[in-house]
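Biologist: Please take a close look at the empty space in this predicted model. I would like the enclosed spaces and the open pocket described, and then the parts of the chain around them.

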Amino acid sequence: MKIRHSILALPCLLAVPFAAKAQNFEDALRFSMLSTGSTARSVGIGGAAGSLGADFSAASVNPAGMAIYRQSELTFTPYLRINNASSDYIDQTDVKESNTALKLGNLGMVFNNNLGKKSGWKNYTVAVGFNKLADFNTKTIYQGLNRESSFTELMAYDAQNYGVNEENSPLGFLGYNGYLLTDQSDGLRSIPYNNIIRNGGALLQTKYAQAKGAVNDFNFSIAGNYDDKLMVGGAIGLTTYRFHRTTEFIEADNTGNRNNDFDYFSLTEKLQTTGVGIVGKFGMIYAVNPYFRIGASVHTPTYASLTDYVDYELISETEQFGNGKQTIVPDNIYRSDYSITSPMKAVLSATGFFGTKGFITADAEYIPYNTMRINYQGVGGASAARMQNDYIKENFRGVINGRIGVELRANSVFSVRAGGAYYANPYKEGRNDLGGDRVDLSLGFGYKLGRNAFLDLTYMNSSYAYKEVPYSFNAPGINFYSATTNMSRHMVAATIGLRF
């Protein structure tokens, strides 16, 4: 089946038909906003892995850094993440939710090959493994009293434009069969809007959302070291996408009147997205002298093919109207096949060394988010894609992200690290700004467990805010509220490494 909706995730900034494809710019943005730190060491220095090298995270940032290895190595990085969310919506503020997850951030194998002294090429490395570039595990809730509009008006808008057939109009189908819409002489209308809001009452609106999933970079890289001055490398990445989200939107009568034909409804949406993409990464590092290195890398756009499955359940209680409580479940799961192109990346890096006492390193990363693209399969796909891609070009911008880190070695076995990263808001200023800047701060240490083993441990805090419009439609004069969510993520990562 070719329908096409992820309704409760839709920010609805575009006045587009809701039976149109709803895999939109949000999907392209979600899978394009990636981080770099995957090992505890790289997280500890803010993810600045562009010119330091000898860390498996370099395969996903600047593969030339793999040439700095002098031994073969196996790394394994589990991490614990705690997410705290605080949301504001209409008249209710600081509604809190949290969740905890234990995940695997990195698994990598590096094979170092020394070439002897007969050539300027000192060594080359081949590496395989994966780095986690995004973690979608979150849990949020917001709630507020709405005196201006009802979600059922969105159902009515869908029904008026596309009917109440399950295949063509899931919102209209659910609303009509759940007795939330009536067929009046002037068209389908929303019961709560007419009977409650227009009579001076309010609707208590609540949205719960829980998301899981990740973007993983499974990469194969090769790098070479020429005369300990020039390191070059390349990597091919197979990017996998997994995103599962369950949302529940509840709208309840707040008047206390048990005879106005509406008590509440609950609409649950379950979205599952899976996909795979391919990306190329190429870079170099030049050692100006023993105390200073510079690096540069370029990532091609990632070309990804994705599939969405969406399922719904509506529970409605309309009191005496329509025989009271109803449970409506569509017969089919809605499927969509589409593709996205994420933007290219360019990274410039520098590292300065304090002799054998440590280093300071920094990355500047350019990402043109306005070059993201989305394409759809099936009838009407070209026009729907053109609308979304025009929106992307008009509302997103190129950004420069910054990462910096420092490591100080107390002695030959123990070192301490600190880092910070700034990820810029990808939206143009004043253009339907649902995004926000993100700041990561980290602190960690490294400890050598003998000659051929080590342990790195890092704590990181990540904070950012974003806005979401739960629904909107073509209705001049109605105020559609946005919910603001402030996220604070705490992560503890540990890397165990073996050298051989």
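**Cavities and the largest pocket**

Modeller: The count of cavities of 30 Å³ or more comes to six in this predicted model. The second largest cavity holds about 150 Å³ of space. Its lining is made up of 18 residues, and those nearest the centre are Leu 34, Lys 281, His 299, Thr 302 and Lys 345. Strand 8 (230-253) and strand 9 (264-289) are the elements that give two or more residues to this lining. By residue class, the lining of the second largest cavity has seven nonpolar, nine polar and two charged members.

The largest pocket contains about 920 Å³ of space. It is lined by 35 residues, with Arg 41, Glu 407, Arg 409, Lys 448 and Arg 499 nearest its centre. At least two lining residues come from each of strand 1 (73-89), strand 17 (398-409), strand 18 (414-423), strand 19 (438-448), strand 20 (453-468) and strand 21 (483-499). The lining of the largest pocket divides into eleven nonpolar, eleven polar and 13 charged residues.

Two loops next to strands named above hold residues with an unusual backbone angle. Most residues other than glycine have a negative phi. Ile 90, in the loop between strand 1 and strand 2 (92-114), has a positive phi, near 55°. Ile 90 counts as partly exposed because its relative accessibility is 29%. Asp 228 is in the loop between strand 7 (203-226) and strand 8, and its phi is likewise positive, near 55°. With a relative accessibility of 40%, Asp 228 therefore counts as partly exposed.

One further part of the chain concerns a strand pair. Strand 13 (residues 334-341) and strand 16 run antiparallel and are joined by four bridges. Thr 341 has Arg 373 of strand 16 as its bridge partner. Arg 373 and Asn 375 are on the uncovered face of strand 16 (residues 373-376), while Ile 374 and Tyr 376 are on the covered one. Asp 337 belongs to strand 13. The side chain of Asp 337 makes a polar contact of 3.1 Å with that of Arg 335. Setting aside neighbours within four places in sequence, the contacts of Asp 337 are Leu 306, Thr 307, Tyr 376 and Gln 377. Tyr 376, one of these contacts, is thus also a residue of the covered face of strand 16.

Conventions:
Residues are numbered from 1 along each chain as its sequence is written. This is a predicted model: local features need pLDDT of at least 70, side-chain atom pairs count only at pLDDT 80 or more; totals for chains, interfaces and linings use all residues. Side-chain values use heavy atoms; hydrogens and water are left out. Buried means under 20% relative accessible area, exposed over 50%, partly exposed in between (1.4 Å probe, protein chains only). Two strands pair if DSSP finds at least two bridges between them. A polar contact is a pair of N or O atoms within 3.5 Å; within protein, one must be able to donate a hydrogen and the other to accept it, and residues adjacent in sequence count only if both atoms are side-chain atoms. Contact means heavy atoms within 4.5 Å. On a 1 Å grid over the protein atoms alone, a cavity is a set of points where a 1.4 Å probe fits but cannot get out, and a pocket is an open set with protein on both sides within 12 Å along at least five of seven lines; lining residues have an atom within 4 Å of a point. Grid points are joined across faces, edges and corners, and a volume is the space filled by probe spheres set on the points. Ala, Val, Leu, Ile, Met, Phe, Trp, Tyr, Cys and Pro count as nonpolar, Asp, Glu, Lys and Arg as charged, and the others, Gly among them, as polar.
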